[in-house]
Amino acid sequence: MTPGFSVQRIDHLVLRVRDLAASIDFYGAVLGCAVVKRRDDLGLVHLRAGASMIDLVSVDGPLGRKGGGAPATGGRNLDHFCLRIDPFDEAALRAHLSRHGAAPEGAVVRNFGAEGFGPSLYLTDPDGNQIELKGPSSPVAPA
């Protein structure tokens, strides 16, 4: 039996953060996400991430307190999330991330995602959440 609907894409994800201003700065300056709506009464900020949204919730706000303690070493609020980017120019990406103090973690790897296999580079946000930046897929799968 089918559910009567099909999933199209990720609509949004919500990250609990310790410092809302620092996270807004990081996602804006490093990843180009823009604030589209604020709910200061809830400690919630909505950022545009392409066709999707990244919502930031302050751990000190009404919504954030419901999730328990803040993300910390040894206990994250998410394993990682992946942002599909285009173009994927490794040298330009590394230079951009370095300018913002967001050093990439390791070498570019080829990973499988929604569109198939493509290049990926990982970095970490101010709360320790791992972000995968994934480029366009190619028709050739890795051996």
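A residue is called buried here when its relative accessible area is under 20%, and exposed when that value is over 50%. With that cut-off in place, I should like to begin with one strand of this predicted model and then move outward.

The strand is β3, residues 44-49. Five of its six residues are buried, so β3 is largely enclosed by the rest of the structure. What does β3 pair with? On one side of the discussion is β2, which runs antiparallel to β3 and is joined to it by five bridges. Within that pairing, Val 35 stands opposite Leu 47 of β3. The two strands form a hairpin with four residues between them, and Gly 43 in the turn has a positive phi of about 75°.

The other partner is β4, residues 52-58, again antiparallel to β3, with six bridges. Here His 46 has Asp 55 in β4 as its bridge partner. The hairpin of β3 and β4 has two residues between the strands, and Gly 50 in this hairpin takes a positive phi near 65°. For context, most residues other than glycine have a negative phi, and most peptide bonds are trans.

Let me stay with β4 for a moment, since Ser 52 is found in this strand. Is Ser 52 buried or exposed? Its relative accessibility is 18%, and because the cut-off for burial is under 20%, Ser 52 counts as buried. A polar atom of the Ser 52 side chain lies 2.6 Å from the backbone oxygen of Ile 10. Leaving aside residues up to four places away in sequence, Ser 52 touches Arg 9, Ile 10, Asp 11 and Leu 47. Leu 47 is the residue of β3 that we met opposite Val 35.

I turn now to the chain as a whole. Its secondary structure comes to two helices and eight strands, and along the sequence these follow the pattern β-α-β-β-β-β-α-β-β-β. The C-alpha trace spans about 50 × 50 × 30 Å along its principal axes. Of the 143 residues, 38% are buried. Among contacts between residues at least 6 apart in sequence, 49% join residues at least 24 apart. The chain exposes about 8,200 Å², and carbon and sulfur atoms supply 57% of that area. As for charge, there are 15 positive and 16 negative charges, and their mean positions are 3 Å apart.

Next, two loop residues. Where does Gly 32 sit? Its place is in the loop between α1, residues 20-29, and β2, residues 34-39. Gly 32 has a relative accessible area of 60%, so this residue is exposed. The C-alpha atoms of Gly 32 and Asp 55 are 23 residues apart along the chain and are separated by 14 Å. Asp 55 is the bridge partner of His 46 mentioned earlier.

Asp 127 is also a loop residue, placed between β7, residues 116-124, and β8, residues 130-134. Its relative accessible area is 6%, so Asp 127 is buried. What does the side chain of Asp 127 contact? A polar atom of that side chain lies 2.9 Å from the backbone nitrogen of Arg 18. A further polar contact, of 3.3 Å, joins the side chains of Asp 127 and Ser 23. Not counting residues up to four places away in sequence, Asp 127 touches Arg 16, Val 17, Arg 18, Ser 23 and Pro 71.

I come now to the second helix and the segment leading to it. Pro 87 is found in the loop between β5, residues 80-84, and α2. The peptide bond that joins Asp 86 and Pro 87 is cis, with omega about 0°. At the start of α2, residues 90-99, a side-chain oxygen of Asp 89 reaches to within 3.2 Å of the backbone nitrogen of Ala 91. After α2 comes Gly 101, whose phi is positive, near 65°.

The last element is a further antiparallel pair. Strand β6, residues 109-113, is joined to β7 by five bridges. Arg 110 has Pro 119 in β7 as its bridge partner. β6 and β7 form a hairpin with two residues between them.

To close, I return to the starting point: β3 is paired antiparallel with β2 and with β4, and five of its six residues are buried.

Key
Residues are numbered from 1 along each chain as its sequence is written. This is a predicted model: local features need pLDDT of at least 70, side-chain atom pairs count only at pLDDT 80 or more; totals for chains, interfaces and linings use all residues. Side-chain values use heavy atoms; hydrogens and water are left out. A polar contact is a pair of N or O atoms within 3.5 Å; within protein, one must be able to donate a hydrogen and the other to accept it, and residues adjacent in sequence count only if both atoms are side-chain atoms. Buried means under 20% relative accessible area, exposed over 50%, partly exposed in between (1.4 Å probe, protein chains only). Contact means heavy atoms within 4.5 Å. Accessible areas come from the Shrake-Rupley method with a 1.4 Å probe; for residues, only the protein chains shown count as cover. Lys and Arg count as positive and Asp and Glu as negative; His and the chain ends are not counted. The place of a charge is taken as NZ of Lys, CZ of Arg, CG of Asp or CD of Glu. Two strands pair if DSSP finds at least two bridges between them.
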